[in-house]
Amino acid sequence: AMKKICSILLALILAIMPLTLCAAESTEKVTLNYYGWTDEQSYMTALINMFNEQNPDVEIVPTFVNHDDYNQKIVVLASSDSSVMDLVSCDSQATVLNLVTLDGLLPLKDRIEAAGIDMSAYGPIISETLFEDEYYGVPYRSTLYSLYYNKTLFDKKGIAYPEKITWDEYRELAKQLTYEEDGTQYWGGFLADWLGTPLSAYQRGSNLLDDDLSAIKEWVSIWNDVMNVDKTHMSFAQQTAESIDWLKFFCLGTTGMLINGEWTISMLKDYQAQGIELPDWDVTYLPAFDTTGDIVSPGGLSTFISVCKNSQHPDEAFRFVQFMAGEEANVYLAGQGVLPAFANDAVKASFAEAVGVPGAATLLDTTIVLEAPSVAGYSELSTAFGEERKLYLTEQESLEDFEAHMIERREEILDSYK
């Protein structure tokens with residue numbers, strides 16, 4: 001009997017052994033903590049789930065923080081010695097650099113090369129993200145400006161839809177689309193008073209740092225022509241006085257053209273979900289001076305995934321960076337109507353389908369130049385430009401005064417950082 005009991009016990013032990021071995025193996029799963037902000041929660045959660053499924057030995061656990069508190073939170077976590085944060089999303093190149101100066105991020109260049117990630121797929125702008133010849137993050141979203149338009153109003157006037165048009169053609173189209181009917185004012189175009197980036201100056205290879213401000217003067221003159229001379233766009237003063245919401249205004253269906261950023265698309269999709277009626281809209285390239293070659297827009301690689309320096313599992317964490325740089329992740333992002341950081345044919349098709357308008361492809365076919373150079377004081381310079389531009393466009397100062405004040409204020413701002 002004893003023999004029988006022993007053999008039963010032995011059989012039980014043998015039966016249980018593989019189970020306990022399995023248990024031991026599965027507890028060796030590496031857990032990685034990811035931090036992101038709530039605006040990105042829906043698609044980042046989905047991407048993390050995809051990664052976790054494909055990597056049974058790793059589990060990424062995400063934490064999402066309200067964007068208002070986010071940068072402060074990750075600064076605290078990145079500068080502490082603990083390894084509570086393995087992976088972090090950065091909402092701009094400035095955020096990446098800020099964490100680098102706190103010694104919070106892992107340099108990735110060697111790993112990127114070893115993994116065979118082709119950084120040239122992100123276009124020439126990727127070189128602007130190098131810091132002392134090192135990459136500290138891989139981009140997964142980008143931003144740029146385009147021309148949105150109301151097809152119904154073009155049809156009504158029998159005008160062909162815009163594709164690649166010059167700034168002069170834009171001005172002429174706006175004239176054709178401006179009229180009054182049954183007491184309703186129809187506007188040729190709309191430039192939002194808060195739109196602070198001097199778009200056309202970047203197409204001239206210039207920005208607010210340029211000693212020669214002629215490209216900046218040219219941009220504010222375009223605004224002056226359409227607002228104050230032709231009166232085809234609502235004036236700066238009227239927008240301010242009436243607190244006009246740029247996109248709700250476009251949705252009234254009385255505006256032919258709207259120049260704005262790629263966020264317009266996701267906002268229109270949100271409006272649609274809320275039951276707000278949208279005009280029959282489409283999108284095309286930003287107007288330019290030369291339409292024979294590539295169309296240039298300021299913008300940039302706006303969002304990055306980085307590995308924290310104190311992570312105990314940098315190799316596993318980098319596998320997620322590699323995943324975010326891959327086609328599958330970018331096709332998924334594009335499918336959510338998010339403008340991804342790189343685009344091959346599959347990504348373009350996914351984005352076009354999600355956006356649902358023929359012109360969507362133009363966003364992925366625009367050459368992006370860096371909107372905010374990594375120069376101390378540039379954001380203050382933008383604020384000064386906004387203030388002087390308002391004075392000029394509300395006819396409180398001349399173009400000559402605008403230029404003189406800009407030169408003066410720029411010197412003050414940049415000197416304060418010396």
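The legends below accompany close-up views of a predicted model.

**View 1. An edge-to-face pair within helix α7.** Searching the whole structure turns up 21 aromatic pairs. One of them joins W167 and Y170, with ring centres 6.0 Å apart and planes at 75 degrees, an edge-to-face arrangement. Because edge-to-face is the label for planes over 60 degrees apart, the 75 degrees of W167 and Y170 earns that name. Both residues belong to helix α7, which spans residues 167-176. W167 and Y170 are three residues apart there, about one turn of the helix. Both W167 and Y170 are buried.

**View 2. A cluster of aromatic rings.** Here the rings of Y34, F51, F64, F320 and F323 are linked into a cluster through ring pairs. While you look at this view, keep in mind that two numbers describe an aromatic pair: the distance of the centres and the angle of the planes.

**View 3. Two lysines over tyrosine rings.** K156 places its charged end over the ring of Y186, at 4.8 Å from the ring centre. For K157, the partner is Y179: the charged end of K157 sits over that ring, 4.1 Å from its centre.

**View 4. A right-handed β-α-β unit.** Strand β1 (residues 30-37), helix α2 (residues 41-54) and strand β2 (residues 58-65) build this unit. The strands β1 and β2 run parallel and are joined by eight bridges. Follow the pairing to W37 and you will find V65 of β2 opposite.

**View 5. F131 and its contacts.** F131 sits in the loop between α5 (109-115) and β4 (138-150). Is F131 buried or exposed? Neither label fits: its relative accessibility is 25%, so F131 counts as partly exposed. Setting aside neighbours within four places in sequence, F131 is in contact with L97, V100 and Y136. L97 is 34 residues away from F131 along the chain, yet their C-alpha atoms are separated by 7.7 Å.

**View 6. Two loop residues with positive phi.** K231 is not a glycine, but its phi is positive, about 55 degrees. K231 lies in the loop between α9 (214-229) and α10 (236-241), and with a relative accessible area of 54% it is exposed. E395 is another residue other than glycine with a positive phi, near 60 degrees. The loop between α16 (378-393) and α17 (399-415) holds E395. At 61% relative accessibility, E395 is exposed because the cut-off for that label is over 50%.

Technical notes: Residues are numbered from 1 along each chain as its sequence is written. This is a predicted model: local features need pLDDT of at least 70, side-chain atom pairs count only at pLDDT 80 or more; totals for chains, interfaces and linings use all residues. Side-chain values use heavy atoms; hydrogens and water are left out. Rings of Phe, Tyr and Trp (its six-membered ring) pair if their centres lie within 6.5 Å; planes under 30 degrees apart count as stacked, over 60 as edge-to-face and the rest as tilted. Helices (H or I, at least four residues) and strands (E, at least two) are DSSP runs, numbered from the N terminus. Buried means under 20% relative accessible area, exposed over 50%, partly exposed in between (1.4 Å probe, protein chains only). A charge sits over a ring if NZ of Lys or CZ of Arg is within 6 Å of the ring centre and within 35 degrees of the ring normal. Two strands pair if DSSP finds at least two bridges between them. A crossover is right-handed if, with the strands pointing away from the viewer, the path from the first strand over the helix to the second runs clockwise. Contact means heavy atoms within 4.5 Å.
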